[in-house]
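Work through the exercises below with the sequence and the model open. Try each task before you read its solution.

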Amino acid sequence: MNTLGVVRKNTYFDSVTLMGISKQLHDLPGVAAASVSMGTDMNKEVLESGGFDGAAVADAGPNDLMIACLYEDGYEPDDILARVEGALSAQNRSRGYVEEAPKTVVSAAALNDANLVVVSVPGAYAAAEACKALRAGLHVMMFSDNVSLEDEVALKQLAHEKNLLMMGPDCGTAIIQGVPLCFANKVRRGPVGIVGASGTGSQELSVLLDAAGIGVSQLIGTGGRDLSEAVGGIMFLDGIDALEDDPETTHLLLVSKPPHPAVLEKVCERIERSSKPVVACFLGAEDLEDAGNAIYVSDLESAVHAVMALLDPEAPIAVSEAVPVEVIPSGSYLRGLFCGGTLMEEAKQTFFAEMPETVLYSNSAKGGAAALIDVGVSQGHTVLDLGDDFFTQGRPHPMIDPTVRNERIVAEASDPETAVILLDFVLGLGAHDDPVGAALPAIRAAQDAAMADGRQVVFVAYVLGTDDDPQDKASQCRRLAEAGVTVCASNAQAAKTAVSLVKEVR
């Protein structure tokens, strides 16, 4: 195996771009592993632990680009470097940079006549870049994570004082004035404005609204820590204010995991005096009573139904039911492998509603689940958020690179106790260009291995997206069905279907 390690001094690209280029390089025949990343200490440690030539990139600094590759004979180093350089140049051209890219956030915004910037740099530098943008009067969406709580609070307080959006850190989804950002879907425009402290939860709401013929005016992401006691819901509350002032928004839809109690009280007080109808979905929180203009629900599907009823009280609303599956699985346990953390939490909620006395294991112990002894090995009924830091350390998110999940699909199917494998496929900008196509070899290998062992494993899936997304939802669903996978219309329906199967075989 050959090793390549090259440093490009003073060459910056954001992490979303570099994750995509790393995936392109990794997918080449004969390439065992590849990484294109910035030269932070953490990234250098990841490269060295992954078997790359650490000495070759040892002098890389945070503003330097590292190109690392493990490859078989048949490639020349210049061939690999040319591919990377070509991909980077294509990124610059796609953004309108004919010559050299701008050196600062503010100059890039001025060049493009923009009033919003996306910050996607290593966490140690993200706060400084966001601060420059806010001081220049620019809204910010911060994709970067690993930003301190102190910096998050300071940035959001500054944004609040300047009447600007400060979405994030760790904000993966937004739609502003009809423009989807980062991991967002192409949905129709309409009267419903969303504020979400949950990325995939916000995506699910937007695509379910789209499927119901209802559009989205704005989708304001806040980052997952916004409703913590430390941050106090600064952006969540400012997002509500922004949508209340937005003439295109007639109804508000809010989503998050349960906030800190003190913050929840503050948020409820605000939404109950809203001048516009509000549906608030705090996942799993079932003890809130409707008041003022606020309707409280505890799951994503009910949130969309509540908005539909507000917009058209005569509209027929169908609660999803489990899809009948003719095949009877051989094992006893459910194994859920999720790219979206909120989709996993919704599946947990569904599981406990149907099987309240049964133990469910997870790498997220929230919502009543038991902690796994080893997240690399499932126990009994298990659901996993594969976007968790444990699985993404040194590699792209599974919505971009499904390698980790594909390996886990095969491993779960080889376990004779596995009855049902539950999957989500998240489409949209920034996601893998063919998530189903990338998973099908693993699904078929898993099916073949189980059948060779005289067992039957049932696959149940939900595809989160629209037909206008680059991946084409209809095509993704069709190919899954052709492979014998039961495809459901919502994440809630997929979870109900999977749980119904393991209830039958208990």
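**Exercise 1. Decide how helices α5 and α6 are oriented to each other: roughly parallel or roughly antiparallel?**

Solution. Note that this is a predicted model.
- Start with the general idea: two packed helices are described by the angle between their axes and the distance between the axes.
- Locate the pair. Helix α5 covers residues 123-135 and helix α6 covers residues 149-161.
- Read the geometry. The two pack at an angle of about 5°, with their axes 10 Å apart.
- Apply the cut-off: angles under 35 degrees count as roughly parallel.
- Conclude: α5 and α6 are therefore roughly parallel to each other.
- Check the contacts. A127, A130, C131, L134 and R135 on the α5 side meet D151, L155, L158 and A159 of α6.

**Exercise 2. Find how many residues of strand β11 are buried, and name its pairing strands.**

Solution.
- Strand β11 spans residues 251-256.
- Buried means under 20% relative accessible area.
- Six of the six residues pass, so β11 is largely enclosed by the rest of the structure.
- Recall that in a regular strand the side chains alternate between the two faces of the sheet.
- Here H251, L253 and V255 point one way, while L252, L254 and S256 point the other way.
- Now the partners. Strand β9 (residues 192-196) runs parallel to β11 and is joined to it by five bridges.
- Strand β12 (residues 278-282) also pairs with β11 in the parallel sense, over five bridges.
- Take V255 as a marker: V255 is the bridge partner of G196, and V255 stands opposite C281 in β12.

**Exercise 3. Test whether the end-to-end span of helix α14 agrees with its residue count, then locate its kink.**

Solution.
- Helix α14 holds 18 residues, 435-452.
- At 1.5 Å a residue, they should span 26 Å.
- The end C-alpha atoms are 26 Å apart, which agrees.
- Look along the helix: a kink of about 30° is centred on P441.
- Next, the buried positions. They are P435, V436, A439, L440, A442, I443, A446, Q447 and A450.
- An α-helix has 3.6 residues a turn, so residues three or four places apart point the same way.
- The buried residues of α14 pack against α13 (403-414), β18 (418-426), β19 (458-464) and α15 (473-482).
- Just past the helix, G454 has a positive phi of about 75°.

**Exercise 4. Give the strand order of the sheet that contains β1, β2 and β3.**

Solution.
- The order is β1-β3-β2, in an open sheet of three strands with antiparallel pairing.
- β1 (2-8) and β2 (31-38) are the edge strands, each pairing on one side only.
- The twist averages 5° from one strand to the next.
- Seven bridges join β1 to strand β3 (residues 65-71). T3 has L70 in β3 as its bridge partner.
- Helix α2 (residues 41-49) lies across β2 and β3, at about 10° to β3.

**Exercise 5. Inspect the backbone at P169, N10 and D472.**

Solution.
- The G168 to P169 peptide bond is cis, with omega near 10°. P169 sits in the loop between β6 (166-167) and β7 (173-176).
- N10 is not a glycine, yet has a positive phi of about 50°. The loop between β1 and α1 (15-26) holds N10. At 61% relative accessibility, N10 counts as exposed.
- D472, also not a glycine, has a positive phi of about 65°. D472 lies between β19 and α15, in the loop. Its relative accessible area is 31%, so D472 is partly exposed.

Terms used:
Residues numbered from 1 in each chain as written. Predicted model: local features only at pLDDT ≥ 70, side-chain atom pairs only at ≥ 80, totals over all residues. Heavy atoms only, no water. Pairing = 2+ DSSP bridges. Helix = DSSP H or I, 4+ residues; strand = E, 2+ residues; numbered from the N terminus. Axes fitted to C-alpha atoms, helices over the stretch in contact; angles between N-to-C directions. Contact = heavy atoms within 4.5 Å. Expected span 1.5 Å × (residues − 1). Bend = angle between axes of the 7 residues up to and from the residue. Buried < 20%, exposed > 50% of the residue type's maximum accessible area, 1.4 Å probe, protein only. Parallel < 35°, antiparallel > 145°, perpendicular 65-115°, else oblique.
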